[in-house]
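This briefing covers the cysteines, the nonpolar cores and two individual residues of one protein model. The sequence and structure come first, followed by notes grouped by topic.

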Amino acid sequence: MGRDVIIACDFAGAEETFRFLDKFEGKKPFVKIGMELYYAEGPSIVREIKRRGHKIFLDLKLHDIPNTVKKSMAVLSRLDVDICNLHASGTVKMMQAALEGLTRPDGTRPLLIAVTQLTSTDQQAMENDLLIKEPIDKVVMHYALNAKNAGLDGVVCSPLEAAKVHETCGKDFLTVTPGVRFADGDIGDQKRVMTPAQAKEIGSDYIVVGRPITAADDPVAAYERCLDEFVG
Ligand code: C5P
């Protein structure tokens, strides 16, 4: 899979999601299904979006004991999605177990990427709540390397970290980056943002874009603009 734009379908239910996707007519954008939509609708929403011909990033961020994660990943793998994820803080052993669970009898599997530190976690929360005293960028790169050493395909990271992740883990290690806004757009609650063109320049492999597309007056035009800027 090459560079692509993934639309974050952060909707509360199926009806709203399909009303949105119906606008795209012949086009089949890559979509991200997160916890809200998945917990509301269950696996049927994944099957239906897949049936319509979309690629799917199932963003459920697993984190549990290795055996539970392995068995749960085996279930998700049968949904035939394209990308799954988990928390790197679950340890290398948990990530290895996840890969085992995800791998089908014929050897194929969805891509597996890791969340390092959530961008909602800052240095202060890491030190006070988690008792991790290292600088946050060092922690992020360490978790990315753990993911690579466990055999994962990449990480979710801020576009500002993507170049460093590639330097640390190699250029084939995927960087999937949210926090993308158009130069003339509203940044909303995102703190550190990049335009699709900047994300391309620094080497993001996939950008995850929600509200700049889902809340646009013309979502299809906004999606096309993202593709133009990012894929070009
Ligand atoms: O609407 P917006 O473009 O901000 O949506 C970004 C998407 O990426 C949301 O689904 C959000 O949960 C997700 N995300 C993020 N920052 C992270 C990890 C995930 O914005 N660090």
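The structure holds zero disulfides. The model is a predicted one. The notes below begin with the cysteines, then turn to the cores and to two buried residues, Met126 and Thr175.

**Cysteines**

- The closest cysteine sulfur to that of Cys157 belongs to Cys169, and the 9.5 Å between them is too far for a bond.
- Seen from Cys169, the closest cysteine sulfur is that of Cys157, again at 9.5 Å.
- A disulfide requires the two sulfur atoms to be within 2.5 Å, so Cys157 and Cys169, with sulfurs 9.5 Å apart, do not form one.
- Cys157 is buried, at a relative accessible area of 5%.
- Cys169 is buried as well, with 4% relative accessibility.

**Nonpolar cores**

- In soluble globular proteins, nonpolar side chains tend to be buried together.
- The largest nonpolar core here has 62 residues, and the members that touch the most others are Met73, Leu86 and Ile213.
- Helix H7, spanning residues 136–149, gives the most to this core, contributing six residues.
- A second core, separate from it, consists of 12 residues, among them Phe30, Ile113, Val115 and Val156.
- Beyond its neighbours within four places in sequence, Leu86 is in contact with Lys61, Leu62, Met73, Met94, Met95, Ala98, Leu112, Ile113, Ala114, Val115 and Leu152.
- The contacts of Leu86 thus include Met73, which is another of the residues touching the most members of the largest core.
- Leu86 also contacts Ile113 and Val115, two residues of the second core.

**Met126**

- Met126 sits in helix H6, which covers residues 123–130.
- Its relative accessible area is 0%, so Met126 is buried.
- Not counting residues up to four places away in sequence, Met126 touches Gln117, Thr121, Leu131, Ile132, Glu134, Pro135, Ile136 and Val139.
- One of these partners, Ile136, is 10 residues from Met126 along the chain, and their C-alpha atoms are separated by 7.7 Å.

**Thr175**

- Thr175 belongs to strand E7, residues 174–177.
- Thr175 has 0% relative accessibility and therefore counts as buried.
- With residues up to four places away in sequence set aside, Thr175 touches Val155, Cys157, Ala162, Val165, His166, Gly203, Ser204, Asp205 and Tyr206.
- Cys157, one of those contacts, is itself buried.

Key:
Residues numbered from 1 in each chain as written. Predicted model: local features only at pLDDT ≥ 70, side-chain atom pairs only at ≥ 80, totals over all residues. Heavy atoms only, no water. Helix = DSSP H or I, 4+ residues; strand = E, 2+ residues; numbered from the N terminus. Buried < 20%, exposed > 50% of the residue type's maximum accessible area, 1.4 Å probe, protein only. Contact = heavy atoms within 4.5 Å. Core = buried A, V, L, I, M, F, W, Y, C linked by side-chain atoms within 4.5 Å.
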